[in-house]
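Subject: Structure handover

Hello,

Here is the structure I said I would pass on. My notes on it follow below.

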Amino acid sequence: MARITAGLGSSHVPAIGAAQDSGRINEPYWRRLFSGYEWSRRWMDAVKPDVVILVYNDHASAFSLDIIPTFAIGCAEKFPPADEGWGPRPVPTVNGHAELAWHLAESLILDEFDMTIMNRLDVDHGLTVPLSLMFGQPEAWPVKVIPLAVNVIQYPPPTAHRCYRLGQAIARAVAAYPEDLNVQVWGTGGMSHQLTGTRAGFINTAFDTMFLDKLSDEPEVLYSLSHEDYVREAGSEGMELIMWLIMRGALEGRVRELHRFYHVPASNTAVGHIVLASGRAG
Ligand code: DHB
Ligand code: FE
């Protein structure tokens, strides 16, 4: 039987990918940031998941204002890196797990989550930067990835509570998949940041710390916050944090925090990272 063994949260700042792609990770500005992921890289190498359900948002790369899916799931065999204006990142093509993805799509839709099914999807920094942080620059990504894209760009995004419930539905779906697979769920984006407007550069360390503190044992505090709360406290792009609640919802019951890292700044963004072991996995 497939099982969700762990959840991982991470910011997905595009400048992190650019630093890695251009060989600048040992510059003082970047060294502190990348060092916060060293524990997780060793851990990942030890636990070796088969599949990552990678929750992220597209940043007008695969989608535009023409079509705005609230939740979209990648059911293809492969997902090429998107051209975000400077050519695609020089990273491997992402390999999917079409069979599990179709199982998830069926299970979630019959569970009344109306997923958009993506048979073609170019994946941008929201998905590839967390892979780079965890795996460096391999010839091929050592894990299969099911992209799960969430609209956090165009109002109205889904509520934080809806995201948490989707995570719970993902847990039910994975538990019903017969193949023995070690599955992780990652939530990306955040932490506090605002890229434009009069509050551009806004960082709220107190809110970010509260979010990381409550994620394990009091997620209800976080999924009860409104969109206005997230924008006010985390900045307009800090809304990306609701995607971490899909990850948390997918971990059943009590979880164990294995690792945490927080750093300001990377580009205009507070960077947060957490690793949670699923209660059931022990
Ligand atoms: C930045 C951060 C993001 O999460 C993003 O998607 C785009 C830009 C930034 O800080 O530059
Ligand atoms: Fe983003």
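The sulfur of Cys 75 has its closest cysteine sulfur in Cys 163, 18 Å away, which is too far for a bond. Seen from the other side, Cys 163 likewise finds its closest cysteine sulfur in Cys 75, at 18 Å. A disulfide would need the two sulfur atoms within 2.5 Å, and a search of the whole structure finds 0 disulfides. Both residues are buried: Cys 75 has a relative accessibility of 3%, and Cys 163 has a relative accessible area of 0%. Please keep in mind that this is a predicted model.

Next, the metal site. The iron ion (ligand 2) has as protein donors His 12 (NE2), His 59 (NE2) and Glu 240 (OE), at 2.0 to 2.2 Å. Along the chain these donors follow the spacing H-x46-H-x180-E. His 59 and Glu 240 are 181 residues apart and link distant parts of the chain: His 59 lies in the loop between strand E2 (51–56) and strand E3 (71–74), and Glu 240 in the loop between helix H9 (227–234) and helix H10 (242–249). His 59 is partly exposed, at 22% relative accessible area, whereas Glu 240 is buried, at 4%.

Last, a helix pair. The axes of helix H3 (residues 38–47) and helix H5 (residues 125–135) come within 8 Å and cross at roughly 85 degrees, so H3 and H5 are roughly perpendicular to each other. H3 contributes Ser 40, Arg 41 and Met 44 to the contact, and H5 contributes Ser 132, Leu 133, Met 134 and Phe 135. By type, the residues of this contact are 4 nonpolar, 2 polar and 1 charged.

Regards

How values were computed: Residues are numbered from 1 along each chain as its sequence is written. Chains are lettered from A and ligands numbered from 1 in the order in which they are written. This is a predicted model: local features need pLDDT of at least 70, side-chain atom pairs count only at pLDDT 80 or more; totals for chains, interfaces and linings use all residues. Side-chain values use heavy atoms; hydrogens and water are left out. Axes are lines fitted to C-alpha atoms, for helices over the stretch in contact, and angles run from 0 to 180 degrees between N-to-C directions. Helices (H or I, at least four residues) and strands (E, at least two) are DSSP runs, numbered from the N terminus. Angles under 35 degrees count as roughly parallel, over 145 as roughly antiparallel, 65 to 115 as roughly perpendicular and the rest as oblique. Contact means heavy atoms within 4.5 Å. Ala, Val, Leu, Ile, Met, Phe, Trp, Tyr, Cys and Pro count as nonpolar, Asp, Glu, Lys and Arg as charged, and the others, Gly among them, as polar. Donors are N, O and S atoms within 2.8 Å of the metal (3.2 Å for Na, K and Ca); water is not among the atoms, so sites may look incomplete. Buried means under 20% relative accessible area, exposed over 50%, partly exposed in between (1.4 Å probe, protein chains only).
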